[in-house]
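Colleague: I would like to go through this model with you, beginning with the ligand and then moving to other parts of the chain. Could you take me through it?

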Amino acid sequence: MLQGQCVILGVTGGIAAYKAAELLRLLIKAGAEVHVVMTRSAQEFIAPLTFQTLSGNPVHTELFSLIQEQEIGHISLADRADLVLIAPATANLIGKVANGIADDLLTTTIMATRAKVLFAPAMNSNMWENPVYQENQAKLEDLGYHFIEPVYGELACGWQGQGKLPDPQEVFNSAQSLLGSNDLAGKTVLVTAGPTREEIDPVRFLSNYSSGKMGYAIACAARNRGARVILISGPVNLCEPKGVETIQVISAREMYEAVMGVAEQADLIIKAAAVADFRPVVRGDQKLKKASAVTMTVDLQRNPDILAELGQKKGSRILVGFAAETEELLKHAREKLANKNLDMIVANDVTQEGAGFDGDTNIVRFLTADGNVEELPQMTKEEVAEILLDRATALLPEG
Ligand code: CTP
């Protein structure tokens, strides 16, 4: 996948800079053309000559170097790139890019490129957890920049925590999957996400704990793989992903209308939303008063089952549902797979630690219509999204 691809490897000043040499070796071995750009502080940790020797190309360090500019200016470097990979990426570098500061060759290259940009942050765990840093990363992720999470371990500063650069092989794998994945180009993917709200009166509603994180991760992953993505989202606290056509809805009936309005256009439909099955029969026009009541009954009526209806008229579309269960996971998931005429269902036991609605990780099983069950370990919702798309893409009809 990396054969002949142009990778800019940005190295910033952290103790993990030495690992970038091994990463470079892996990139070269895979056939990539690599140009290394180092910040000034990176050169305190490792000499440019190491990267020059391994890459076979001059190492770029200066924004306004006459010689380097003549050979390959910073803008042409940014233009040529298929991928800009920054490993390790310091909090400082990420903070600069998130705030539009381009004051050296690396930050300028990152801001001038239209290629995919992948940051592999490495830093002290307190810095990693600092909300200022987290906000910068979240901002860049919303804008379509990619990140590899640092791993837990003993840090150079003596702390134990999250902040270590993953093994070069893992960084390499992420770079490879980012570059190699254009497998959804020309396809339209419809994703639903989040909960729905069913109003009782102007100030109260019935809903569930869905955060929308799983559906948003799928939408972003599909976008990164070249798909046109339509995301129909219930009310969540997440930013609308860039490059995704997002339709905001509140209730199950609104979600139903929105989905049915665009479903025809989709090649692949992934229904990650936790749709409320029932809504109050009557929605009070005014705030309901408790008066002297000690108990209260709210009569509910069924909402349309969007997924089941899609299943009735899916044609050649691939339909993926979710089953959030608290007991008899496989049994219930199998029933939903069959009853709703799905190609695949993603089953998760929401009572399991590390799985379910609100967290950043999930533990899922994929059940397909041919009876196959694939069990995945706990992983981030972004990782689940990638594997889900691998499996769903394999089900798409050829051509
Ligand atoms: N779903 C839907 N419309 C509904 C309810 C659910 O499209 N009114 C979809 C969800 O988006 C999900 C799948 O159906 O992909 C499973 O939802 P879930 O609530 O777990 O299953 P239900 O079929 O509603 O069954 P139950 O509530 O009895 O578990």
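Modeller: Certainly. Please keep in mind that this is a predicted model. Around the ligand there are 13 residues, of which K271, A273, D277, F322 and K340 come nearest.

Colleague: Which atoms of K271 lie 2.7 Å from the ligand, backbone or side chain?

Modeller: The backbone: one of its N or O atoms is 2.7 Å from an oxygen atom of the ligand. K340, in contrast, uses its side chain, where an N or O atom is 2.6 Å from a ligand oxygen atom.

Colleague: And what does D305 do at the ligand?

Modeller: A polar atom in the side chain of D305 is 3.5 Å from a nitrogen atom of the ligand. As for overall cover, the ligand has 570 Å² of accessible area on its own, and the protein covers 78% of that.

Colleague: Which pocket does the ligand sit in?

Modeller: The ligand occupies the second largest pocket. Two elements give two or more residues to the shell around the ligand, namely α13 (306–312) and β16 (318–325).

Colleague: Which element gives the most to that shell?

Modeller: That is β16, which provides 3 residues.

Colleague: How many of the shell residues are nonpolar, polar and charged?

Modeller: The shell has 7 nonpolar residues, 5 charged residues and 1 polar residue.

Colleague: Let us leave the ligand. Is S233 buried or exposed?

Modeller: S233 is buried, because its relative accessibility is 0%, and the cut-off for buried is under 20%. The residue belongs to strand β11, residues 228–233. Its side chain makes a polar contact of 2.8 Å with the side chain of Y216.

Colleague: What about V259, buried or exposed?

Modeller: V259 also counts as buried, since its relative accessibility is 1%. V259 is part of helix α12, which covers residues 252–262.

Colleague: How far apart are the C-alpha atoms of V259 and Q169?

Modeller: They are separated by 40 Å, and the two residues are 90 residues apart along the chain. For another pair, L268 and K314, the C-alpha atoms are separated by 9.8 Å, with these positions 46 residues apart in the numbering.

Colleague: Where is L268, and how accessible is it?

Modeller: L268 lies in strand β13, residues 268–271. At 0% relative accessibility, L268 is classed as buried.

Colleague: Now to α7. Why is it described as largely enclosed by the rest of the structure?

Modeller: The reason is that 6 of the 8 residues of this helix, residues 105–112, are buried. Those buried residues are L105, L106, T107, T108, T109 and I110.

Colleague: I should also like to check the backbone. Which peptide bond is cis, with omega near -5 degrees?

Modeller: The bond from A87 to P88 is cis, with that omega value near -5 degrees. P88 is in strand β3, residues 83–89.

Colleague: What is the phi of A291?

Modeller: Phi of A291 is near 50 degrees, which is positive in a residue other than glycine. A291 lies in the loop between β14 (278–280) and β15 (300–302). With 73% relative accessibility, A291 counts as exposed.

Colleague: And what about the phi of E328?

Modeller: E328 has a positive phi of about 45 degrees, although E328 is not a glycine. E328 is located in the loop between β16 and α14 (329–339). Its relative accessible area is 47%, so E328 is partly exposed.

Notes: Residues are numbered from 1 along each chain as its sequence is written. This is a predicted model: local features need pLDDT of at least 70, side-chain atom pairs count only at pLDDT 80 or more; totals for chains, interfaces and linings use all residues. Side-chain values use heavy atoms; hydrogens and water are left out. A residue is near a molecule or strand if one of its heavy atoms lies within 4 Å of it. A polar contact is a pair of N or O atoms within 3.5 Å; within protein, one must be able to donate a hydrogen and the other to accept it, and residues adjacent in sequence count only if both atoms are side-chain atoms. Accessible areas come from the Shrake-Rupley method with a 1.4 Å probe; for residues, only the protein chains shown count as cover. On a 1 Å grid over the protein atoms alone, a cavity is a set of points where a 1.4 Å probe fits but cannot get out, and a pocket is an open set with protein on both sides within 12 Å along at least five of seven lines; lining residues have an atom within 4 Å of a point. A molecule sits in a cavity or pocket if more than half of its atoms lie within 2 Å of its grid points. Helices (H or I, at least four residues) and strands (E, at least two) are DSSP runs, numbered from the N terminus. Ala, Val, Leu, Ile, Met, Phe, Trp, Tyr, Cys and Pro count as nonpolar, Asp, Glu, Lys and Arg as charged, and the others, Gly among them, as polar. Buried means under 20% relative accessible area, exposed over 50%, partly exposed in between (1.4 Å probe, protein chains only).
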